[in-house]
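Got the viewer open and a hand on the mouse? Let's walk through this one stop at a time.

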Amino acid sequence: MIDKRFPTLSGAVSDIWAGATVMIGGFGDTGSPIELIHALIDHGVGDLTVVNNNAGSGEVGLAALLKTGQVSKLICSFPKSAGSSVFPELYRSGRIALELVPQGTLAERIRAGGAGIPAFFTPTTVGTPLAEGKERRTFEGRDHVMEFGLSADFALIKCKCADRHGNLVYNKTARNFGPIMATAATTTVVQAANIVGVGEIDPERVVTPGIFVDRVVRVENPAHESELVARGEVYP
Amino acid sequence: MSSADGPVGWSREEMAQRAALDIENGSYVNLGIGIPERVAKYVPAGREVIYHTENGLLGMGPAPESDAGDPELINAGKRQVTAVPGASYFHHADSFAMIRGGHIDVCVLGAMQVSQTGDLANWSTGAPDAVPAVGGAMDLVAGVA
């Protein structure tokens with residue numbers, strides 16, 4: 001029997017090693033797997049490379065993970081957000097490396113990484129400092145830069161509903177990076193608000209097929225970063 | 001731009017109103033953060049326009065009534081929005097396929113500076129301690145026909 005359910009958050013992240021690359025889903029608050037991130041903080045390993053669109057806010061979730069010093073490098077498109085102070089402080093004091101990637105290039109690098117495509121060409125960044133040092137080619141008279149596919153050792157993502165095979169359904173715009181990160185990580189760990197029986201999710205409505213998922217943990221009432229920040233909460 | 005006599009040119013609201021006039025019936029339109037968020041309300045009546053937000057929604061509607069919002073339904077500016085009838089959700093790679101693939105008709109972007117020839121400054125001030133943040137704007141500029 002295939003059963004990808006894990007009873008605890010701590011168990012689902014316990015083999016993440018120091019130096020691992022970890023993709024973390026979410027666009028700002030929306031889709032951020034706060035409970036899995038907090039489990040990773042408790043797990044305590046360092047020298048992580050984290051891939052996320054943003055850099056967190058307040059001192060919970062991703063920002064809290066950065067604040068612990070466990071992350072040596074962040075690959076992201078927009079590390080500035082309202083209420084984001086942890087990352088700017090680390091960045092200005094040289095305690096974290098930043099690889100700045102345009103949002104669409106970041107998404108396509110993750111998609112490519114999960115689809116077995118080592119590199120691709122895009123016109124995005126041509127003529128800007130972000131194109132410096134990148135291989136160029138001209139297609140149909142237009143300049144492009146080469147970008148590499150991006151994969152990870154682990155992905156931490158959040159969804160609304162899962163089954164024990166790892167089939168996933170998301171909630172509204174919380175879908176964002178979840179489906180592509182699930183394809184790009186060796187081990188994909190999912191927190192699901194609800195876990196239903198196999199066959200209860202209409203195959204036409206499955207967004208992420210279970211083949212891309214390794215572990216599912218139930219988190220019945222997941223926290224929202226913005227609400228925790230508004231309450232002034234700090235983790236740990 | 002400003003002078004001793006006060007701001008020169010259009011107000012933010014006037015810029016949004018003017019931009020809205022250029023949006024044709026039947027367009028798929030990406031709205032960026034800031035002034036672009038005000039554009040939709042000025043599109044002339046009778047034009048059906050579908051709004052795209054790059055975090056994964058086609059068919060974006062206005063902000064929800066207070067306390068009727070969902071923290072998992074937001075726009076690119078991370079503000080709560082609604083989904084209109086006929087809307088769809090999708091992941092980021094699909095969203096930027098719409099953008100880079102030339103499927104979006106119009107994009108309304110915010111910027112720090114714009115040159116006479118249309119060059120945009122909108123992701124870094126260049127200050128030594130500035131945190132650069134590029135987001136999706138470069139993909140939009142490269143991809144929207």
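Select β6 and β7 in chain A, with β7 covering residues 142-148: these strands pair antiparallel over four bridges. Keep in mind as you click around that this is a predicted model. For one rung of that ladder, pick Thr138(A), whose bridge partner in β7(A) is Asp143(A).

Now add β5 of chain A to the selection. You should have an open, antiparallel sheet of three strands, in the order β5-β7-β6. Which strands stand at the edges? In chain A they are β5 (119-122) and β6 (136-139); each has a single partner strand, so one side of each has no neighbour in the sheet. Turn the view a little and look at the twist: on average, neighbouring strands here are turned by 40° against each other, direction ignored.

Next, bring in helix α5 of chain A, residues 103-115. This helix lies across β5 and β7 of chain A, and runs at about 155° to β5(A).

Time to look at the nonpolar core. A bit of background first: in soluble globular proteins, nonpolar side chains tend to be buried together. The largest nonpolar core here has 94 residues, and those touching the most other members are Met23(A), Leu66(A), Ala155(A) and Met181(A). Colour strand β8 of chain A (residues 152-163) as well, since with seven residues this strand gives the most to the core.

Zoom in on Leu66(A). What does Leu66(A) touch, leaving out residues up to four places away in sequence? Light up Ala55(A), Gly56(A), Val71(A), Val86(A), Phe87(A), Leu90(A) and Ile96(A), and you have the set.

Hide chain A for a moment and show chain B by itself. Chain B has three helices and nine strands. Follow the ribbon from the N terminus and the elements go by as β-β-α-β-β-β-β-α-β-β-β-α. Spin the C-alpha trace around: along its principal axes, the trace of chain B spans about 50 × 35 × 35 Å. How does that chain fare against a compact globule? For 145 residues, such a globule would have a radius of gyration near 15 Å, and the 16 Å of chain B agrees with that. Buried residues make up 35% of chain B. If you draw the contacts in chain B with a separation of 6 or more, 47% of them link residues 24 or more positions apart.

Stay in chain B and select strands β4 (residues 50-53) and β5 (residues 57-61). They run antiparallel, joined by two bridges. Click Thr53(B) and you'll find its bridge partner, Leu57(B), in β5(B). The hairpin of β4(B) and β5(B) has three residues between the strands, and Gly56(B) takes a positive phi near 125° there.

From β5(B), step across to β6 of chain B, residues 82-89. That pair is antiparallel too, over four bridges. To see one of the matches, select Leu58(B) together with Ser88(B), its bridge partner in β6(B).

Last stop: put chain A back on screen and look at where the chains meet. The contact takes 38 residues from chain A and 27 residues from chain B. On the chain B side, helices α2 (92-100) and α3 (137-143) each supply at least two residues, and α2(B) gives the most, with five. Colour that side of chain B by residue type and you get 14 nonpolar, six polar and seven charged residues.

Notes:
Residues numbered from 1 in each chain as written. Chains lettered and ligands numbered in written order. Predicted model: local features only at pLDDT ≥ 70, side-chain atom pairs only at ≥ 80, totals over all residues. Core = buried A, V, L, I, M, F, W, Y, C linked by C-beta atoms within 7 Å. Buried ≥ 20, exposed ≤ 12 C-beta atoms within 10 Å, placed from the backbone. Contact = placed C-beta atoms within 7 Å. Pairing = 2+ DSSP bridges. Axes fitted to C-alpha atoms, helices over the stretch in contact; angles between N-to-C directions. Rg over C-alpha atoms; globule rule 2.2 N^0.38 Å. Nonpolar A, V, L, I, M, F, W, Y, C, P; charged D, E, K, R; others polar.
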